[in-house]
Amino acid sequence: MENFTAIDFETANGKRTSVCSVGLVAVREGKITDRIYRLIRPRPNFYSYWTTQIHGLTYEDTMEAPDFPEVWREVSPLIENYPLVAHNSVFDEGCLKAVYELYGMKYPEYLFYCTYRASRKRIPGLVNYQLHTVSSYCGYDLHNHHHALADAEACARIALQLFK
């Protein structure tokens, strides 16, 4: 697979609708061609202690950010008709479907591939299959883990190795 867009969402709390940031990394003809990172005003608009501990984002970071539909109009051209790739795609696809439903948008049935599931099948014996572990195995040093763009880039690098 040489053409896809890696995606990662971070959420403000335990609700899948509470996406507060998105990172997208476009891969065309086997090369990273574009990167986009955007903050999003989450719904519901509160941050749990635990999510802030994970990604560092707070209410103040996104209180003036645009809502999901505005951000999605801006970033969706990067997807075009390409498949999406995520590490633990169940989470990211679940977030995407949840915010589409929340805002009454028609979900376009994006095709998702999962680097988490693929790495469990194709790389036996890792101590775990967390994003930073798999990306390190694939030769990519993930800095700033749980920043949506950094995670999307790590996912893209993994996909380029696993989906040859």
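This passage walks through the main pocket, the aromatic contacts, a few individual residues and the backbone oddities of a predicted model.

The pocket comes first. The largest one holds about 380 Å³ of space. Its lining runs to 17 residues, and those nearest the centre are Asp8, His87, Phe91, His146 and Asp151. Three elements each give two or more residues to that lining, namely β1 (4-11), α1 (49-55) and α4 (89-102). Of these, β1 supplies the largest share, with four residues. Sorted by class, the lining comes out as five nonpolar, eight polar and four charged residues.

One of the central residues, His146, turns up again when the backbone is checked. Histidine 146 sits in the loop between α6 (131-137) and α7 (148-162), and its phi is positive, near 80°, even though the residue is not a glycine. As for accessibility, histidine 146 is partly exposed, because its relative accessible area is 30%, which falls between the 20% and 50% limits.

Glutamate 109 does something along those lines too: its phi is positive at about 55°, and it is not a glycine either. This glutamate belongs to the loop between α4 and β5 (112-114). At 60% relative accessibility, glutamate 109 is exposed. Positive values like these deserve a mention because most residues other than glycine have a negative phi. The peptide bonds offer a further item of this kind, since arginine 43 and proline 44 are joined by a cis bond with omega at about -5°. Proline 44 lies in the loop between β3 (31-39) and α1. For context, most peptide bonds are trans.

Next come the rings. The aromatic pairs number eleven. In one of them, tyrosine 49 and tryptophan 50 have ring centres 4.9 Å apart and planes at 80°, so the pair is edge-to-face. Both partners are out in the open: tyrosine 49 is exposed at 53% relative accessible area, and tryptophan 50 is exposed at 64%. Another pair joins tyrosine 100 to tyrosine 107, and here the centres are 5.2 Å apart with the planes at 85°, so this pair is edge-to-face as well. Its setting is another matter, as tyrosine 100 is buried at 5% relative accessibility and tyrosine 107 is buried at 12%. Tyr100 and Tyr107 are also part of an aromatic cluster that takes in Phe9, Phe68, Trp72, Tyr103 and Tyr110.

A charge also gets involved with a ring. The charged end of arginine 28 sits over the ring of tyrosine 82, 3.7 Å from the ring centre. Both of those residues, Arg28 and Tyr82, are contacts of phenylalanine 4. Phenylalanine 4 itself is in strand β1, and with a relative accessibility of 0% it counts as buried. Leaving out residues up to four places away in sequence, the other contacts of phenylalanine 4 include Val25, Ala26, Val27, Pro83 and Val85, along with Ala156, Ala159 and Leu160.

Leucine 78 shares part of this neighbourhood. Along the chain, phenylalanine 4 and leucine 78 are 74 residues apart, yet their C-alpha atoms are separated by 9.4 Å. The leucine is placed in the loop between α3 (68-75) and β4 (84-86). Despite its loop position, leucine 78 is buried, with 11% relative accessible area. Outside the four places on either side in sequence, leucine 78 touches Thr5, Leu24, Ala26, Arg28, Asp34 and Ile36. Threonine 51 gives a contrasting case: 27 residues separate it from leucine 78 in sequence, and the two C-alpha atoms are 27 Å apart.

Arginine 16 rounds things off. It is found in the loop between β1 and β2 (19-28), and it counts as partly exposed at 35% relative accessible area. Apart from neighbours within four places in sequence, arginine 16 is in contact with Thr11, Val90, Phe91, Gly94, Cys95, Ala98 and Val99. Phe91 is also among the residues nearest the centre of the largest pocket. Isoleucine 158, by contrast, is 142 residues away from arginine 16 in sequence and 24 Å away in space, C-alpha to C-alpha.

Note on methods: Residues numbered from 1 in each chain as written. Predicted model: local features only at pLDDT ≥ 70, side-chain atom pairs only at ≥ 80, totals over all residues. Heavy atoms only, no water. 1 Å grid on protein atoms, 1.4 Å probe; cavity = no way out; pocket = protein on both sides within 12 Å on 5 of 7 lines; lining within 4 Å. Points joined across faces, edges and corners; volume = space filled by probe spheres on them. Nonpolar A, V, L, I, M, F, W, Y, C, P; charged D, E, K, R; others polar. Buried < 20%, exposed > 50% of the residue type's maximum accessible area, 1.4 Å probe, protein only. Contact = heavy atoms within 4.5 Å. Phe/Tyr/Trp six-rings, centres within 6.5 Å; stacked < 30°, edge-to-face > 60°. Lys NZ or Arg CZ within 6 Å of the ring centre and 35° of its normal.
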